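These are my notebook entries on one chain. I set down what I looked up, entry by entry.

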Amino acid sequence: MKPIKTNKLSNPAEFIKLMVIIFVLVSVFLFSQGLSQTQIIVNVVVLLILFIGLQLTFVILYKKGVRTLAFWILIILLLLGMSLAGAIWYFSKYGITFQL
């Protein structure tokens, strides 16, 4: 009998390694050029959206339950994303600029 070939991504540890590699590569790409204050904010938003997407894929792909750390990290990321979107909307609507 031939052994059954398994996909490396069927192991959650392999997918987590892939998530880290993707996140690091995108971070290096986004922050490798000269950055203005606005560009830094846009890059952080892009990284947040990427991380939410990767975390959602992990939770769905491996059918993690509600009691797992991965699920609660996803919920926290979604809440953080919604609050960031609300803050950006508020600041853009009233013309308030970020002062660092």
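In which helix is the place of F58? I found F58 in helix α2. I note at the outset that the model is predicted.

**Entry 1: F58.** I looked up the accessibility of F58 and obtained a relative accessible area of 7%. The cut-off for buried is under 20%, so F58 is classed as buried. I then took the C-alpha separation of F58 and I16, which came to 8.1 Å. Along the sequence, these two residues lie 42 positions apart.

**Entry 2: the chain as a whole.** I counted three helices and zero strands. Read from the N terminus, the order of elements is α-α-α. The chain has 100 residues, of which 17% count as buried. I recorded an exposed area of about 7,800 Å² for the chain, with 74% of it supplied by carbon and sulfur atoms. I also checked the contacts with a sequence separation of 6 or more: residues 24 or more positions apart account for 55% of them.

**Entry 3: α1 against α2.** I next examined how helix α1, residues 12–30, packs with α2. The angle is about 170° and the axes are 11 Å apart. An angle over 145 degrees counts as roughly antiparallel, and α1 and α2 are therefore roughly antiparallel to each other. On the α1 side, I listed P12, F15, I16, M19, I22, F23, V26, S27 and L30 as making the contact. On the α2 side, the contact residues are N43, V46, L47, L50, F51, L54, Q55, T57, F58 and L61. Sorted by class, this contact holds 15 nonpolar, four polar and no charged residues.

**Entry 4: α2 against α3.** How are α2 and α3 oriented to each other, roughly parallel or roughly antiparallel? Helix α2 spans residues 37–61 and helix α3 spans residues 69–94. I read a packing angle of about 150° and an axis separation of 10 Å. By the same cut-off, over 145 degrees, α2 and α3 are therefore roughly antiparallel. The crossing of α2 past α3 is left-handed. From α2, the contact draws on V45, L48, F51, I52, Q55, L56, F58 and V59. From α3, it draws on A70, F71, I73, L74, L77, L78, L80, G81, L84 and I88. By class, I noted 16 nonpolar, two polar and no charged residues in the contact of α2 with α3.

**Entry 5: Q55.** I returned to Q55, which is placed in helix α2. Q55 appears in the contact of α1 with α2 and again in that of α2 with α3. Why is Q55 classed as buried? Its relative accessible area is 6%, and buried means under 20%. Leaving out residues up to four places away in sequence, I found that Q55 touches M19, A70, I73, L74 and L77.

**Entry 6: V44 and W72.** I looked up two further residues by accessibility. V44 lies in helix α2 and is partly exposed, at a relative accessible area of 43%. The C-alpha atoms of V44 and S27 are 9.0 Å apart in space, and the two residues are 17 apart in sequence. W72 is found in helix α3; W72 is partly exposed, with a relative accessible area of 44%. For W72 and V59, 13 residues apart along the chain, I recorded a C-alpha separation of 9.9 Å.

Note on methods:
Residues numbered from 1 in each chain as written. Predicted model: local features only at pLDDT ≥ 70, side-chain atom pairs only at ≥ 80, totals over all residues. Heavy atoms only, no water. Axes fitted to C-alpha atoms, helices over the stretch in contact; angles between N-to-C directions. Helix = DSSP H or I, 4+ residues; strand = E, 2+ residues; numbered from the N terminus. Parallel < 35°, antiparallel > 145°, perpendicular 65-115°, else oblique. Left-handed = near helix turned anticlockwise from the far one by under 90°. Contact = heavy atoms within 4.5 Å. Nonpolar A, V, L, I, M, F, W, Y, C, P; charged D, E, K, R; others polar. Buried < 20%, exposed > 50% of the residue type's maximum accessible area, 1.4 Å probe, protein only. Areas by Shrake-Rupley, 256 points an atom, 1.4 Å probe, with all protein chains shown as cover.
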